[in-house]
Amino acid sequence: MRYTVLYGGTRKETPKDAEIISHKLMIRAGMIKKLSSGLYTWLPIGLKVLQKVSNIIRQEMNSIGFAEILMPIVQPAKFWQQTERWDKYGPLLLKIKDRHEKEYCFGPTHEEIVTDLIKQDLTTYKNLPIKVYQIQTKFRDEIRPRYGVMRAREFTMKDGYSFHINQESLQETYDEIKQTYHRIFNKMGLDVRDVLADTGSIGGEISHEFHVLANSGEDLICFSDQSDFAANIELCPVIEKPFNKQKIFKNITKIKYKGDLSNAEQIPDNFDPNNLIKCLLVQGISSQPVMLILNNKHTLNPTKAEKHPKIAAPLVILSYQEIKNKYDLDIHYLGPVNSKFPIVIDNSIKGISNFTCGANEQEYYLVNVNWERDLNLPENFDLRNAEDGDLSPDGNGALKIKKGIEVSHIFQLKDTYTKPMLIKYNTKVGKSDTPLMGCYGIGVSRIVAASIEQHHDDKGIIWPTSIAPFTVIIIPINYHKDDKIKEFTDQFYNKLKTKFDVLLDDRSNSPGSKFADADLIGIPHRIVISQKLLEDNTIEHKKRCEENTSIISIDKIESFLK
């Protein structure tokens, strides 16, 4: 392609609303242009990357026997109502009505639609397994779209689905998908970890996420420094180290301190900051709240807390004003002694001794409180986030915590959708049964942004060759002033483009600005043509990921690039 017909163009200014590097560089490199909040037009350079990502995914999915289909983005409400997700999915689901007042939604996902599709044709166990996928536009009405295409409202996704006669068959495909996804991400040059994850609003029993490791990631992933264990922090269990429970119980003392002890400038007598606990009131399944207690240095894990049978989901933490108005208590001075609420404590504090807590009285704390002496030991539960240095749940090594960008999520849905949608098939013995289902997603547009987060420098993007918009950029010096340069460049370009994806920078811009744009866009190979080089039958070559240039014979350039 010639640069002069390439619509878009680069820009020097960084958009004011761009927070992360991929958003900034995609705008500056002329890959996308904002239409509205969370809505972007993909320009030619960006679209080429998107298509290359899609093609790698398509090749690998086809290779393991998945058939490509394309389902409508607009979906009838009746299917979502059948699985009870019409209301459960929440405000992310954009609902619309047609001229006949029939309700529809813009598809954020396609579990119901693909299940209905298979239901129309499935008759016997001989039809199974069935494996299909699509690469399709999705829409989720994010409350705060941000980070460009990383968290846009409209995005491109590959979603695959499989249907099986039993768990063994489902597990086989699930494992095959995991291996295939690693091949996909390896081909794209991405450093990725697969981690055990929460099933969330999609449902099912088992799921794994794939994360691109990057400092800008929104998710925290935990992995062992000595084994293959890895999990999203939402789901990572915490194995507490053995307690050194003190045998000496100090005398319980009531102290007056105005303010938050965790931020105390002057430490009161007898107070050990390491033994300070914090109390949170959350909405219970009944009208009465539940008090959750953790060590003050730890962070509550909402996903874990929601799984406790006494706690309502989604997790709702009562505010300062609610606690004050309903119970005449100050959130800063809550404590378990003589509490009127049911209590659940984190595993980390069941062996704690001589701890400090609120006294349920304005400006007062209790120091040297002990379980079993001053109050009964409450029920304990894994409530906190894992941290660097915690024991690995598989018993091998310690946990490391890194940021990751989720680019894929796969699920063993089992009968979550097939059962409510009444999909059946005839078994070998002539009985009727419900197939089990798997779901396998990849965020295609998100991969583009995630790759930039992992591959960039202060000059711009550094694309892995497999997904670069162009493999080679040709920059001729004096293209519009020297007929010999123009003639040779055109012939060289026409020959090279039959074997490589080539961009010819035929603009009248200065060489410096062309070099800067080539670096910003991130094209892997740069070829410079000049009069002096042609006299020696050579060209200048530079890799985007390297600083040095090299002089190569024109006759050898094709084999060199290969």
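Start by selecting tryptophan 371 in this predicted model. Is tryptophan 371 buried or exposed? With a relative accessibility of 3%, under the 20% cut-off, tryptophan 371 counts as buried.

Next, add phenylalanine 355 to your selection. Phenylalanine 355 counts as buried too, at 0% relative accessibility. On to another pair of rings for a moment: pick tyrosine 174, buried at 1% relative accessibility, and tyrosine 440, buried at 0%. Now go back to where you began. Phenylalanine 355 and tryptophan 371 make a tilted aromatic pair, with 4.8 Å from centre to centre and 45° between the planes. Phenylalanine 355 belongs to strand E17 (residues 355–358), while tryptophan 371 is in the loop between strand E18 (364–369) and strand E19 (379–381), so this pair ties together parts 16 residues apart in sequence.

How many aromatic pairs are there by this rule? The count comes to eleven. One of them is the pair of tyrosine 174 and tyrosine 440, which is tilted as well: 6.5 Å centre to centre, with 55° between the planes. Colour helix H6 (residues 167–187) to find tyrosine 174 and strand E23 (residues 436–443) to find tyrosine 440; the pair therefore ties together parts that are 266 residues apart in sequence. Then bring in Phe66, since ring pairs link Phe66, Tyr174 and Tyr440 into a cluster.

Now for some charges over rings. Show lysine 48 with phenylalanine 470: the charged end of lysine 48 sits over that ring, 4.9 Å from its centre. Then show arginine 526 with phenylalanine 515, where the charged end of arginine 526 sits over the ring at 4.2 Å from its centre.

Keep arginine 526 on screen, as Arg526 also helps line the largest cavity. What else lines the largest cavity? Select Ala518, Asp519, Ile523, Lys542, Lys543 and Arg544 along with Arg526. Helix H11 (511–521) and strand E29 (538–543) are the elements that give two or more residues to this lining. By type, the lining residues divide into five charged, two nonpolar and no polar. The volume of this cavity is about 40 Å³, and the structure holds one cavity of 30 Å³ or more.

For a last stop, jump to leucine 117 in helix H5 (residues 111–119). At 32% relative accessibility, leucine 117 counts as partly exposed. Try a distance label from here to leucine 50: the two leucines are 67 residues apart in sequence and 27 Å apart in space, C-alpha to C-alpha.

Conventions:
Residues numbered from 1 in each chain as written. Predicted model: local features only at pLDDT ≥ 70, side-chain atom pairs only at ≥ 80, totals over all residues. Heavy atoms only, no water. Phe/Tyr/Trp six-rings, centres within 6.5 Å; stacked < 30°, edge-to-face > 60°. Helix = DSSP H or I, 4+ residues; strand = E, 2+ residues; numbered from the N terminus. Buried < 20%, exposed > 50% of the residue type's maximum accessible area, 1.4 Å probe, protein only. Lys NZ or Arg CZ within 6 Å of the ring centre and 35° of its normal. 1 Å grid on protein atoms, 1.4 Å probe; cavity = no way out; pocket = protein on both sides within 12 Å on 5 of 7 lines; lining within 4 Å. Points joined across faces, edges and corners; volume = space filled by probe spheres on them. Nonpolar A, V, L, I, M, F, W, Y, C, P; charged D, E, K, R; others polar.
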